[in-house]
Amino acid sequence: MDELLSTTHPRMFSLQKIVEISYYNMGRIRLQWSRIWEVIGDHFNKVGCNPNEDVAIFAVDSLRQLSMKFLEKGELANFRFQKDFLRPFEHIMKRNRSPTIRDMVVRCIAQMVNSQAANIRSGWKNIFSVFHLAASDQDESIVELAFQTTGHIVTLVFEKHFPATIDSFQDAVKCLSEFACNAAFPDTSMEAIRLIRHCAKYVSDRPQAFKEYTSDDMNVAPEDRVWVRGWFPILFELSCIINRCKLDVRTRGLTVMFEIMKTYGHTYEKHWWQDLFRIVFRIFDNMKLPEQQTEKAEWMTTTCNHALYAICDVFTQYLEVLSDVLLDDIFAQLYWCVQQDNEQLARSGTNCLENVVILNGEKFTLEIWDKTCNCTLDIFKTTIPHALLTWRPSSGETAPLPPSPVSEKPLDTISQKSVDIHDSIQPRSVDNRPQAPLVSASAVNEEVSKIKSTAKFPEQKLFAALLIKCVVQLELIQTIDNIVFFPATSKKEDAENLAAAQRDAVDFDVRVDTQDQGMYRFLTSQQLFKLLDCLLESHRFAKAFNSNNEQRTALWKAGFKGKSKPNLLKQETSSLACGLRILFRMYMDESRISAWEEVQQRLLNVCSEALSYFLTLTSESHREAWTNLLLLFLTKVLKISDNRVSMSLICVGTPGPRAAVQELSGMNQAIPRLHCCLCRATSGLAVSSSFLLCSHISGSLGDSIVPGFPQH
């Protein structure tokens, strides 16, 4: 070491002699040689990190020659001398920052792999450690050479010598993960992920090799070694890529991780899945840490969104195994998603709930259905935007009033000045998947931006969160409708009702072929009532908000929802429509005869309340929003047979037909007034429906119920 201290002319005589001594003593028994190398190897560690490049180059080149000679001897099973011998390369790569020396180390290791791969055993760990250090380098030549050699090992050496390399399989996967996480070389990142995918094939094709490998896993059951040594490292490193990398790379990593699950999951034991999803849910845990708001929003809208759908796909594919293991966690994760202040993620949470139930509901047990309904109920209750009714301007101040020629007039008399909060919601795609591009694509996010620009700072966050809750409420209503009756069924039914009304043929039997594809037949009456309660609570909240002109005006002045007063018309009508569909379906379902009494009572209460409310509406736009709802109600009532009507009167204890109509309408002259309101509200589209209904009642009950009724 003293000879090497000179910075200008170091003397390397002793270093040369040490190399020669090492060469001549290499034939000693392994026990002796390891003690000799313990001293000499430490000397090479220091010399290889010498600031004088000439000295370091000489040391590395000498190490290369000695290593090639040493590797030629091979290594017996359960010996680890190669690992000790090659450790100086690892030390030099870690401590020496000279690009020249680092490049030389990588080239030396690459040469060993190319010429001595068949003889390498424990040395693979050092080799992957060196390449792992090279993977994070910023020098393109170093990264490229290291990656090329790593790819050669994974694709060719593993194929030929897998039993000899199995001890370092985890190291290889970890090394590939480090290449994938080097943001400076995106092409290398993508190729590294492909090679990790290739490694999964080795695990699948050669599980016996992992079972027979005993080295450090003596305390692991043989049947679990393929998981601990094979599958777990692959899936864990992919999760690390997801958590560390930029959008395109982490998206690819996420895709490959779930591809592996879907392709090879049939070989996984139940307790393996539990370990696996502890890894998967780290994707969402990452968002519980404080980060910059922009990055957090992008993560939620892209990676969390993608992961949520992928988890549901895996759950569907392996339902029998995962229903006990994963269902509670999925529901908890969906609940978490809708609580976040991110519109896309919240919508995806409800859409995934719908997908899981529609695809798997036929196989659900009664207990799982109870959990599903409870999850839906929890989401409903926590996303009702109660603050819309209770919010008050701070210190009695309001933002400047938006320019409007009609700002002094009540909202309900000016339809064009009332804008539904849900008007800016992105439509669902055909399969309920998020529309691309995902980031900042949603019109609701634009509304949030508008809120932030017009509302005062303390209200910005509140208004944005309330807007998202409104979105979730409408999505949940649609989700329940789709689950119970199957997607698009209700829309088709509404279209048929409208067409029948236009043809003056409401008595035509409207049939929707897909109605039996829904989950209605698998839900108990009590579960349906639980969903119905959610819908009616949402309806009554929307109705209360729409009726509170003063509160809506205050929100409008504060900058909520831009230049127009907000309303919740879609929530008000769609929630009630779904509730009516459920009640009428149960009312006509003979298999639910035990629940008929409660159904009839609920139906009368809901219809009476709805019609009484509709008759009080003065806004033309508000009445028009009820068109499909009234057509649905009138058509459903018209299709009830006389026998069922009579039975319902007896069951609910009403004394006669006159009282029945009074119960339905809430007033003696309600039917004619309803008919007139329908004429105004629907421009004649519902006239035939209401007229046929009125004629049906009048013909059945007699003219005496309402004087002059047929003529009206």
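A cavity, as the word is used here, is a set of grid points where a 1.4 Å probe fits but cannot get out. With that in hand, a search of the whole structure, which is a predicted model, turns up eleven cavities of 30 Å³ or more. The second largest cavity comes in at about 60 Å³. Around this cavity sit Trp369, Thr372, Cys373, Thr376, Thr479, Ile480, Ile483 and Leu531. Two elements give two or more residues to that lining, namely helix H19 (366-383) and H22. The biggest share of the lining comes from H19, which puts in four residues.

Stepping back to the whole chain, the fold is built from 33 helices and two strands. Of the 712 residues in the protein chain, 54% are buried. Long-range contacts are well represented too: among contacts with a separation of 6 or more, 75% join residues 24 or more positions apart.

How far the model can be trusted varies along the chain. The average pLDDT is 82, and 78% of the residues score at least 70. Helix by helix, confidence peaks in H8 with 97, and it bottoms out in helix H31 (residues 657-665) with a mean of 42. Two stretches deserve a word of their own. Over residues 434-445 the pLDDT stays under 50, and the model has 24 contacts beyond four places in sequence for them. Residues 649-712 also stay under 50, and for these the model has 93 contacts beyond four places in sequence.

Aromatic rings get together often in this structure, with 35 aromatic pairs in the count. One of these joins Phe147 and Phe179: the ring centres are 5.1 Å apart and the planes meet at 65 degrees, so the pair is edge-to-face, the cut-off for that label being over 60 degrees. This pair ties together distant parts of the chain, since Phe147 belongs to helix H7 (residues 140-165) and Phe179 to helix H8 (residues 169-180), 32 residues apart. Phe147 has a relative accessibility of 9%, so it counts as buried. Phe179 is buried as well, with a relative accessible area of 0%. A second example is the pair of Trp227 and Trp272, which is stacked, with 5.6 Å from centre to centre and 15 degrees between the planes. Here again distant parts of the chain are linked: Trp227 lies in helix H11 (residues 222-244) and Trp272 in helix H13 (residues 270-280), 45 residues apart. Both tryptophans, Trp227 and Trp272, are buried.

Rings also turn up beneath charged side chains. Lys543 lies over the face of Tyr613, at 5.1 Å from the ring centre. Likewise, Arg585 lies over the face of Tyr520, at 4.2 Å from the ring centre.

Next come some details of the backbone. Most residues other than glycine have a negative phi. Phe486 goes the other way, with a positive phi near 85 degrees. This residue, Phe486, is found in the loop between helix H22 (457-485) and helix H23 (489-502). With 23% relative accessibility, Phe486 counts as partly exposed. The loop between H22 and H23 also holds Ala488, whose phi is positive as well, near 75 degrees. Ala488 has a relative accessible area of 53%, so it is exposed, as the label applies to values over 50%. A further positive phi belongs to a glycine: Gly559, just after H25, takes about 100 degrees. Within helix H25 (residues 549-557) itself, Gln551, Arg552, Thr553, Ala554, Leu555 and Trp556 are buried.

Finally, Tyr587 offers a look at helix H26 (residues 569-587), where it has its place. Tyr587 is buried, with a relative accessible area of 4%. The C-alpha atom of Tyr587 is separated by 6.3 Å from that of Val599, a residue twelve places away along the chain.

How values were computed: Residues are numbered from 1 along each chain as its sequence is written. This is a predicted model: local features need pLDDT of at least 70, side-chain atom pairs count only at pLDDT 80 or more; totals for chains, interfaces and linings use all residues. Side-chain values use heavy atoms; hydrogens and water are left out. Rings of Phe, Tyr and Trp (its six-membered ring) pair if their centres lie within 6.5 Å; planes under 30 degrees apart count as stacked, over 60 as edge-to-face and the rest as tilted. Buried means under 20% relative accessible area, exposed over 50%, partly exposed in between (1.4 Å probe, protein chains only). A charge sits over a ring if NZ of Lys or CZ of Arg is within 6 Å of the ring centre and within 35 degrees of the ring normal. pLDDT is the predictor's confidence in each residue, from 0 to 100. Contact means heavy atoms within 4.5 Å. On a 1 Å grid over the protein atoms alone, a cavity is a set of points where a 1.4 Å probe fits but cannot get out, and a pocket is an open set with protein on both sides within 12 Å along at least five of seven lines; lining residues have an atom within 4 Å of a point. Grid points are joined across faces, edges and corners, and a volume is the space filled by probe spheres set on the points.
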